[in-house]
Amino acid sequence: MSEGIKDKVVVITGASSGLGEATARRLAAAGAKVVLGARRADRIEALAKELSAAGHTALAVTTDVTDRDQVKNLVNSAVAEFGRIDVMLNNAGLMPLAPLERLKVDEWDQMIDVNLKGVLYGIAAVLPHMQAQKQGHIINVSSVYGHVVDPGAAVYCATKSAIRALSEGLRKEVKPYNIRTTVISPGAVSTELTDHISDADIRNSVKDVVGKFSVGPDTFARAVAFAINEPDDVDINEILFRPIDQPV
Ligand SMILES: NC(=O)c1ccc[n+]([C@@H]2O[C@H](COP(=O)([O-])OP(=O)(O)OC[C@H]3O[C@@H](n4cnc5c(N)ncnc54)[C@H](OP(=O)(O)O)[C@@H]3O)[C@@H](O)[C@H]2O)c1
């Protein structure tokens, strides 16, 4: 397998919008074969079609990351189509912020299922392939909220802190298999993430604050491209970035 981005097979969860979509676009343009996973089939199919029409290589596989078999199917589809998997970007996530006292227990479950268990299912799906290849790269998405905790964000922060712990354990365990691991912690990026905050008062105030300083999703895509593009003997383990004006 050549170094760099060109011809690498990259599976991206949460590829239907925001950071995942921007990364699919950037990596496809750099010559990667991108495999797009998300629940909104119309979005990923349209993106795969658009990328293919532009001369790039893309495959859409409808995937709910809370379903272990669907994540396995996403990865196995990539391997069946392209013969290998080089990079797994565990990016799907959601952030329905609310103070604990509002008792949004279903949303707590959802964040644990998508942000944490979804990443575990991604790791479970790719490890056997990458161990057999003796090569691979697993990129997990944490957050500045994996480093700091604010009121109203406790459960989201808990899932994103867990991703950092998980990624560090993974890093140590997969070294013998020549598998690289990266955890990326973005600051505020303008995407659909805040649209899913269920209480309007919180949603509007978060959008107001974040809208003042957030940067575009290609910021994240460039970080992913950097980690992948480094020579095979370099393991970029952590990237943390913030918009210059982000106060927290
Ligand atoms: N934007 C930020 O400021 C920021 C900062 C730090 C970290 N992050 C993290 O970045 C990641 C991407 O978020 P984003 O900002 O790009 O938000 P976004 O625009 O809302 O994108 C979230 C993506 O996750 C997917 N997703 C959600 N639930 C899913 C499920 N059950 N199965 C499969 N896919 C699912 C969505 O696709 P479908 O709805 O089509 O399934 C969508 O593609 C998340 O992990 C988020 O926590 C974002």
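The following legends describe close-up views of a predicted model.

**View 1. The shell of residues around the ligand.**
In this predicted model, 29 residues surround the ligand. Ser16, Arg39, Arg40, Tyr156 and Thr191 are the closest of these residues. By chemical character, the shell divides into twelve nonpolar, twelve polar and five charged residues. Two helices, helix 1 (18-29) and helix 5 (154-174), each supply at least two residues of this shell.

**View 2. Polar atoms beside oxygen atoms of the ligand.**
The side chain of Thr191 places an N or O atom 2.6 Å from an oxygen atom of the ligand. A polar backbone atom of Val189 lies 2.8 Å from an oxygen atom of the ligand. For Gly93, a backbone N or O atom is found 3.4 Å from an oxygen atom of the ligand. Taken alone, the ligand exposes 870 Å², and the protein buries 95% of that area.

**View 3. The aromatic pair of Tyr145 and Tyr156.**
The structure holds one aromatic pair. The ring centres of Tyr145 and Tyr156 are 6.2 Å apart and the ring planes meet at 75 degrees; the pair is therefore edge-to-face, since planes over 60 degrees apart fall in that class. Tyr145 belongs to the loop between strand 5 (136-141) and helix 5, whereas Tyr156 belongs to helix 5 itself, and the two residues are eleven residues apart. Both Tyr145 and Tyr156 are buried. Tyr156 is also one of the closest residues to the ligand.

**View 4. Strands 1 and 2, side by side.**
Strand 1 (residues 9-13) and strand 2 run parallel and are joined by five bridges. Within this pairing, Val9 has Lys33 of strand 2 as its bridge partner. Strand 2 (residues 33-38) is largely enclosed by the rest of the structure, because five of its six residues are buried. In a regular strand, side chains alternate between the two faces of the sheet.

**View 5. Ser167 and its contact with Asn140.**
Ser167 is located in helix 5. Its relative accessibility is 6%, so Ser167 counts as buried, the limit for that class being under 20%. The side chains of Ser167 and Asn140 are joined by a polar contact of 3.0 Å.

**View 6. Two residues with positive phi, Asp7 and Asn178.**
Most residues other than glycine have a negative phi. Asp7 is not a glycine, yet its phi is positive, at about 70 degrees. Asp7 is found in the segment before strand 1, and with a relative accessible area of 34% it is partly exposed. Asn178, likewise not a glycine, has a positive phi of about 65 degrees. Asn178 lies in the loop between helix 5 and strand 6 (179-186). At 46% relative accessibility, Asn178 counts as partly exposed.

**View 7. Ala223 and Ile184.**
Ala223 has its place in helix 7 (residues 218-229). With 9% relative accessibility, Ala223 counts as buried. Along the chain, Ala223 and Ile184 are 39 residues apart. In space, their C-alpha atoms are separated by 7.9 Å.

Methods:
Residues numbered from 1 in each chain as written. Predicted model: local features only at pLDDT ≥ 70, side-chain atom pairs only at ≥ 80, totals over all residues. Heavy atoms only, no water. Near = heavy atom within 4 Å. Polar contact = N/O pair within 3.5 Å; in protein donor to acceptor, adjacent residues only side chain to side chain. Areas by Shrake-Rupley, 256 points an atom, 1.4 Å probe, with all protein chains shown as cover. Helix = DSSP H or I, 4+ residues; strand = E, 2+ residues; numbered from the N terminus. Nonpolar A, V, L, I, M, F, W, Y, C, P; charged D, E, K, R; others polar. Phe/Tyr/Trp six-rings, centres within 6.5 Å; stacked < 30°, edge-to-face > 60°. Buried < 20%, exposed > 50% of the residue type's maximum accessible area, 1.4 Å probe, protein only. Pairing = 2+ DSSP bridges.
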